[in-house]
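Biologist: Got a minute to walk me through this one? I'd like to start with the overall layout.

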Amino acid sequence: MAPLPSKAALKDELVRLLTAQLDVAERAQRAAREGATHEEAKPENDKDTRGLEQSYLARGQALRVEELRAELGLVQGLPVKDLGDDAPVALGAVVTVEDDAATSVYFLAPAGGGAKLAGGRVQVVTPKSPLGQALLGKREGDSCDVRLAGRVRELTVTRVA
């Protein structure tokens, strides 16, 4: 198996992924806004709510765009540094864990949870997620229990980088 990319490469990949999501969301917001203000969106009678529905959609899209911009800023500002020996899991860490079934690698980032990086070999987790919360502060050799996919799994941290 090829070695994992550096933390800087993982961060760059996550930034590109979030930037692409932001681009899609901005286009969807523009389309919804145009739909809400289009001539055909004007109500034909008091029961016609197409324009109102379009305006709700446009507002929701605008909120999502702002959320993505904030998330992108958090990831762009994430310091990429090497953790020393026996360092605890913290934001920006690449953590390798083992359980009974497999070995998994996680990148602890402030946003982008669930994203797959490095060709699917690294999954992004955030400190807000149950897995991220369980891993925070753990050190190499530590174990933790976490409920994933409806069952409790015991994970052992085998590497913190």
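Modeller: Sure. Helices and strands here are DSSP runs, at least four residues for a helix and at least two for a strand, numbered from the N terminus. Keep in mind that this is a predicted model.

Biologist: Fine. What pattern does the chain follow along the sequence?

Modeller: It reads α-α-β-β-β-β-α-β-β. That gives 3 helices and 6 strands.

Biologist: What order do the strands take in the sheet?

Modeller: The order is 3-4-2-1-6-5. The sheet is open, and its pairing is mixed.

Biologist: Which strands sit at the edges?

Modeller: Strand 3 (116-117) and strand 5 (143-148). Each of them pairs on one side only.

Biologist: And strand 1, what does it pair with?

Modeller: Strand 2, residues 103-108, runs antiparallel to strand 1, residues 94-98, with 5 bridges between them. Strand 6, residues 151-160, is also antiparallel to strand 1, over 4 bridges.

Biologist: Give me register markers. Which residue is the bridge partner of Val-95?

Modeller: Tyr-106 in strand 2. For strand 6, take Val-97, whose bridge partner is Val-157.

Biologist: How many bridges join strand 5 to strand 6?

Modeller: There are 6, and the two strands run antiparallel. Cys-144 stands opposite Leu-155 there. The two strands make a hairpin with 2 residues between them. Ala-149 in that turn has a positive phi of about 50°.

Biologist: New topic, packing. Which residues have the most contacts inside the largest nonpolar core?

Modeller: Leu-10, Leu-14, Val-75, Phe-107, Leu-117, Val-122 and Val-124, in a core of 21 residues. At least two core residues come from each of helix 1 (7-37), helix 2 (50-76), strand 2 and strand 4 (122-125). Helix 1 supplies the largest share, 6 residues.

Biologist: What does Val-124 touch, sequence neighbours aside?

Modeller: Leaving out neighbours within four places, Val-124 is in contact with Leu-14, Phe-107 and Leu-117, among others. The list also includes Gly-112, Gly-113 and Gly-114.

Biologist: What lies apart from that core?

Modeller: Another core, of 16 residues. Val-89, Ala-93, Val-125 and Cys-144 are among them.

Biologist: So Val-124 and Val-125 turn up in two separate cores. What do side chains do along a regular strand?

Modeller: They alternate between the two faces of the sheet.

Biologist: Last bit, the totals. How much of the chain is buried?

Modeller: Buried residues are 35% of the 161. The chain exposes about 9600 Å², with 51% of that from carbon and sulfur atoms.

Biologist: And contact range?

Modeller: Take contacts between residues at least 6 apart in sequence: 52% join residues at least 24 apart.

Notes
Residues numbered from 1 in each chain as written. Predicted model: local features only at pLDDT ≥ 70, side-chain atom pairs only at ≥ 80, totals over all residues. Heavy atoms only, no water. Buried < 20%, exposed > 50% of the residue type's maximum accessible area, 1.4 Å probe, protein only. Contact = heavy atoms within 4.5 Å. Areas by Shrake-Rupley, 256 points an atom, 1.4 Å probe, with all protein chains shown as cover. Pairing = 2+ DSSP bridges. Core = buried A, V, L, I, M, F, W, Y, C linked by side-chain atoms within 4.5 Å.
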